[in-house]
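The following account is intended for a reader who meets this structure for the first time. It proceeds from the chains to their elements, and from there to single residues.

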Amino acid sequence: MSRPLIPEADLVDRARRGDGDAYDQLVRAHQDIAFRTAWLVSGSSADAEDAAQEAFVKAWRALGRFRQGAPFRPWLLAIVANEARNRRRSAGRREALVLRAAAQRRPSDGAASPPEAAVLHAERRDTLLAALERLSDEDRAVLGCRHLLGLGEEETAAALGLRRGTVKSRTSRALVRLRAELGEEAP
Amino acid sequence: MSDLIRELELLGAEVQWPPTPTFAPRAAAAAPAPARRRRAPRRLVLAIVLGALLLAAGALAATGVIHFGGATIKRVDTLPPVDPAPTLALGTPIRLSEAHGILPFTLPSRLADPDAVYMRDDSVNLLYLREGKPRAVLTVFREGSGFLDKLVHTSTAVKRVRVQGAPGLYVAGVHIVDFIYGGTPRLSQPTLLWTKGGLTYRLEARDALALASAG
């Protein structure tokens, strides 16, 4: 994810005063995380794209109400996630998480086997991914935001429309259920 | 940090996220979703109707031409090239008292004391400086003179506002002044237009709303 070279606070200040170029830079810096958050919440690439696009326009129009000095990303993610929630599809139509270049990480017939550790590593990832997919949307969203996307508690709270304390407790419970899906005991 | 959390974080780096699309952050919203088959709840319909009414009251259509006082604002998809180094050709310097004799304008309190006053083509230009540099330019001209054309991108917000009780329009973003006294189009700062007493006022400044609203 690229970060703006100009300090973000300056860009936000300029954007609040109507500088469209500054706002474009802000969006470019955060569009990956915004789109992925929308995808985690809505469960659909098409819905995530619509949600993020709509959210960026709404955020631009709402910049006058943005509290000066506040962090920009949680504010933006809250708008994005709200749009994504409005477009959330039924669980049956949700797109699944997949691993990048999965085919390359598995030995094909006739190909040299990768080291055993790497195979175990890949198998562990597949197992983990499958366990995540079996979780409820609520559990998967909170673990996805906190640990797949690396959002902080405050950002996750903003994105999921929860209180910070709820994010903490829900994350903890989701981890317990993920361990259960993996057939593991709590540490 | 537990091993499981660490594993999830590693997994996040290996997940094949859908490719991020290209966004137009300030463009009109994406096409609406296809209509759902089930009937919308009455409350939702009411909200949409109220929303549309509020929109009509505050924001102006995203396309077309807006006529306001002596100004015409045209929305375009592509803005033309502009003069990279425009000069403020404001006209002949005159005294403020002389300007009042040409046009019967009134000034908001924060604009009551211009640093310089000019006359050009039956319009009056008032220049306001900050640390020796132009901070704001207020142009006053008669309504219906067809004096000013502005080009704004379709994504630029143009809102109806009130300026000390008078009807106004606020063009929030940087846009293009296509024609004012002729010459090459130039980029304009956020601009506030309002009409009062048969005159059109055009205030170009980053803080135009605040300057015109006080007093």
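The paragraphs below describe chain A, then chain B, and finally the contact of the two chains.

It should be said at the outset that this is a predicted model. Chain A contains nine helices and zero strands. Read from the N terminus, its elements follow one another as α-α-α-α-α-α-α-α-α. Chain A has 187 residues, and 38% of them count as buried. Of the contacts in chain A that link residues at least 6 apart in sequence, 68% are made between residues at least 24 apart.

A pair of helices in chain A deserves a closer look. Two packed helices are described by the angle between their axes and the distance between the axes. In the case of helix α2 (residues 20-42) of chain A and helix α3 (residues 45-62) of chain A, the axes come within 8 Å and cross at roughly 140 degrees. Because of this angle, α2(A) is oblique to α3(A). As to handedness, the crossing of α2(A) and α3(A) is right-handed. On the side of α2(A), the contact is made by A:Tyr23, A:Val27, A:Ala34, A:Phe35, A:Ala38, A:Trp39 and A:Ser42; α3(A) contributes A:Ser45, A:Asp47, A:Ala48, A:Ala51, A:Ala52, A:Phe56 and A:Trp60. By class, the residues of this contact between α2(A) and α3(A) comprise eleven nonpolar, two polar and one charged.

One of the residues in that contact is A:Ser42, which belongs to α2(A). Is A:Ser42 buried or exposed? A residue is buried if 20 or more other C-beta atoms lie within 10 Å of its own. A:Ser42 has 26 C-beta neighbours inside 10 Å and therefore counts as buried. A:Ser42 and A:Arg88 are 46 residues apart along the chain, yet a separation of 4.1 Å lies between their C-alpha atoms.

The same test may be applied to A:Ala157, a residue of helix α8 (residues 153-160) of chain A. A:Ala157 counts as buried because it has 23 C-beta neighbours inside 10 Å. If residues up to four places away in sequence are left aside, A:Ala157 touches A:Leu162, A:Arg163, A:Arg164 and A:Val167. Of these partners, A:Val167 stands ten residues from A:Ala157 in sequence, and the C-alpha to C-alpha distance of the two is 6.0 Å.

Chain B is now considered. Its secondary structure consists of four helices and 13 strands. Chain B has 215 residues, of which 27% count as buried. Of the contacts in chain B that link residues at least 6 apart in sequence, 59% are made between residues at least 24 apart.

Strand β1 (residues 65-68) of chain B runs antiparallel to β2(B), and four bridges join them. Within this pair, B:His67 is placed opposite B:Thr72 of β2(B). In which direction do the side chains along strand β2 (residues 71-76) of chain B point? They alternate: B:Ala71, B:Ile73 and B:Arg75 are buried and point to one face, whereas B:Thr72, B:Lys74 and B:Val76 point to the other and are not buried.

Chain B also holds an open sheet of eight strands, in the order β3-β4-β5-β6-β13-β12-β9-β8, with antiparallel pairing. Its edge strands are β3 (92-94) and β8 (158-163) of chain B, each of which pairs on one side only. On average, neighbouring strands of the sheet are turned by 25 degrees against each other, with direction ignored.

The sheet may be followed from one edge. Three bridges link β3(B) with strand β4 (residues 116-120) of chain B in the antiparallel sense, and B:Ile94 has B:Val117 in β4(B) as its bridge partner. At the other edge, β8(B) and strand β9 (residues 166-171) of chain B form an antiparallel pair over six bridges. Here B:Val158 lies opposite B:Val171 in β9(B). The hairpin of β8(B) and β9(B) has two residues between the strands, and in it B:Gln164 takes a positive phi near 50 degrees. β9(B) in turn pairs with strand β12 (residues 191-196) of chain B, antiparallel and over four bridges; B:Leu169 stands opposite B:Leu193 in β12(B).

There remains the contact of the two chains. Chain A takes part with 38 residues and chain B with 29 residues. The side of chain B that touches chain A consists of 19 nonpolar, five polar and five charged residues.

Methods: Residues are numbered from 1 along each chain as its sequence is written. Chains are lettered from A and ligands numbered from 1 in the order in which they are written. This is a predicted model: local features need pLDDT of at least 70, side-chain atom pairs count only at pLDDT 80 or more; totals for chains, interfaces and linings use all residues. Two residues are in contact if their C-beta atoms, placed from the backbone, lie within 7 Å. Ala, Val, Leu, Ile, Met, Phe, Trp, Tyr, Cys and Pro count as nonpolar, Asp, Glu, Lys and Arg as charged, and the others, Gly among them, as polar. A residue is buried if 20 or more other C-beta atoms lie within 10 Å of its own, exposed if 12 or fewer, and partly exposed in between; C-beta atoms are placed from the backbone. Two strands pair if DSSP finds at least two bridges between them. Axes are lines fitted to C-alpha atoms, for helices over the stretch in contact, and angles run from 0 to 180 degrees between N-to-C directions. Angles under 35 degrees count as roughly parallel, over 145 as roughly antiparallel, 65 to 115 as roughly perpendicular and the rest as oblique. A crossing is left-handed if the near helix is turned anticlockwise from the far one by less than a right angle, and right-handed if clockwise.
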